[in-house]
Every structure is written in structure tokens, then in C-alpha cells.
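The following paragraphs lead through one protein model, from single residues to sheets and then to a pocket. Please keep the sequence and the coordinates at hand while reading.

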Amino acid sequence: MPQTMLNVGKIVNTHGIKGEIKVLSHTDFPEVRFAKGSELLIVPPDGKAPLPVTVQSSRFHKNMYIVKLEEYDNINDVEKFKGSMLKVNGEDLVELPEDEFYFHEIIGCHVMTDEGQELGVITEILTPGANDVWVVKPKEGKSILIPYIDDVVLDVNVKDRKVVVHLMEGLL
């Protein structure tokens, strides 16, 4: 069985001439994923084999991570990775405290209200600031934005793919 790989970011460009890459983060744990010594896989968009790489250094810059890989020291060596995804093996999950979840565990969950009304399925997670916002796609109509706060999200059951929410006034 092929092992699960989780997206941690997308390589959107090169940075400077010393082989640094600009990465748009797709991970809940950039400080872990882009830490020195972190092992990642570059997965090219053309379906070629994933390439193991090791983070030498990284820094946050203009909403992106500038990542230097140990294996590459020249812009010409990393140019070809533009558009590739950075992934980690599914076994490399960071242990989460109770009541915290990975994006991939939440996306696809069915959302019900505490009154039993089905709202739809979570299609994406936005991270605008103070709290995440879960985008719920109903069977018809426009998406519903659910703020991930204790007053609204009452129960998350990752195993059964179900989320129970309390609709505060003005949410729908």
C-alpha cells in the first residue's frame, strides 16, 4: 500500500541566486515542517518520483517561507521545482493536543447543527487571523463560513467524519 503523503507547501518561485525557494505554506505547523533538519519530499507536478530533501534553513517573508535546502546551492538547481508540492510522509504527523486537528482530518467532514439540521460538507479551511474559518458547502446555495470558536464548533468527530455546530445569530 503506498504511504500517505501530506501537503506542507507549494514551491511558487526561486529566491535569490543561492538556491532558496519560495514556499506557500499549506501546513498547520510551518515551524515544524520548515525547521532545520526537517525531511520533506518534492513532488513534481508531472508525476515524476518524489525527491527527498532536507531543510537547511527557512524564514517567514511576505506571507511565504523562504526555504534553503541542504542539497541545493544554486538557483539553476531549484528552478525546475517551481510548481512542485512539498510533502511529508503521513507517518510524520505531529502529535496534537486534544481538540486540535489537521486540515486533512477536517476537510470532507459533514456538518450538522445542534438541532439536527444538516449544513453540508467542509471543503476548505481559511486562516484569516484570530481563528480559522471552515468553509461548508451545502447541497445547494452558497457556502457557509463557520468560525472555529468554542461557542460555534461544539463537537468534532474525526473518526465518524462529523462536526456539530451551534448556529449563532447572523451565521447563515
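Is Arg-161 buried, partly exposed or exposed? Arg-161 is partly exposed, because its relative accessible area is 29%; buried means under 20% relative accessible area, exposed over 50%, and partly exposed in between, with a 1.4 Å probe and protein chains only. The model is predicted, so local features need pLDDT of at least 70 and side-chain atom pairs count only at pLDDT 80 or more, while totals for chains, interfaces and linings use all residues. Residues are numbered from 1 along each chain as its sequence is written, and side-chain values use heavy atoms, with hydrogens and water left out.

Arg-161 sits in the loop between β11 (153–157) and β12 (162–165); helices (H or I, at least four residues) and strands (E, at least two) are DSSP runs, numbered from the N terminus. Although Arg-161 is not a glycine, its phi is positive, at about 60°. Lys-62 likewise has a positive phi in a residue other than glycine, with a value near 50°. The loop that holds Lys-62 connects β4 (51–61) and β5. Lys-62 counts as exposed, because its relative accessibility is 70%.

A further loop residue is Ser-38, placed between α1 (30–33) and β3 (39–43). With 14% relative accessibility, Ser-38 counts as buried. Neighbours within four places in sequence aside, the contacts of Ser-38 are Val-32, Arg-33, Val-53, Thr-54 and Val-55, where contact means heavy atoms within 4.5 Å.

The strands next to these loops can now be placed in their sheets. A closed barrel of 6 strands runs in the order β1-β2-β5-β4-β3-β6, with antiparallel pairing; two strands pair if DSSP finds at least two bridges between them. On average, neighbouring strands of this sheet are turned by 50° against each other, direction ignored; axes are lines fitted to C-alpha atoms, for helices over the stretch in contact, and angles run from 0 to 180 degrees between N-to-C directions.

Within the barrel, β2 pairs with strand β5 (residues 64–69) over 4 bridges in the antiparallel sense. Lys-68 in β5 is the bridge partner of Glu-20. Strand β2 (residues 20–25) also contains Ile-21, which is buried with a relative accessible area of 0%. Residues up to four places away in sequence are not counted among the contacts of Ile-21, which touches Ile-11, Asn-13, Thr-14, His-15, Tyr-65, Ile-66, Val-67, Leu-69 and Val-78. Ile-21 and Asn-89 lie 68 residues apart in sequence, and their C-alpha atoms are 21 Å apart in space. In a regular strand the side chains alternate between the two faces of the sheet.

Strand β6 (residues 85–89) pairs with two other barrel strands, β1 and β3. Antiparallel β1 and β6 are joined by 5 bridges, whereas β3 and β6 pair in the antiparallel sense over 3 bridges. Leu-86 of β6 is the bridge partner of Gly-9 and also of Ile-42. Strand β6 is largely enclosed by the rest of the structure, because 4 of its 5 residues are buried.

A second set of 6 strands forms an open sheet in the order β10-β9-β8-β7-β12-β11, with mixed pairing. Its edge strands are β10 (144–147) and β11, each of which pairs on one side only. Neighbouring strands of this sheet are turned by 35° against each other on average, direction ignored. Inside the sheet, β8 and strand β9 (residues 133–137) pair in the antiparallel sense over 5 bridges, and Glu-124 has Val-135 of β9 as its bridge partner.

The final topic is empty space. Rolling a probe the size of a water molecule over the atoms shows where such space is left. On a 1 Å grid over the protein atoms alone, a pocket is an open set of points with protein on both sides within 12 Å along at least five of seven lines, whereas a cavity is a set where a 1.4 Å probe fits but cannot get out; lining residues have an atom within 4 Å of a point. The largest pocket holds about 340 Å³ of space, a volume being the space filled by probe spheres set on the points, with grid points joined across faces, edges and corners. Of its 17 lining residues, the closest to the centre are Asn-7, His-26, Thr-27, Phe-103 and His-104.

Three elements, β1 (5–15), α3 (103–106) and β8 (118–126), each supply at least two residues of this lining. The largest share, 4 residues, comes from β1. By type, the lining of the largest pocket divides into 9 nonpolar, 5 polar and 3 charged residues; Ala, Val, Leu, Ile, Met, Phe, Trp, Tyr, Cys and Pro count as nonpolar, Asp, Glu, Lys and Arg as charged, and the others, Gly among them, as polar.
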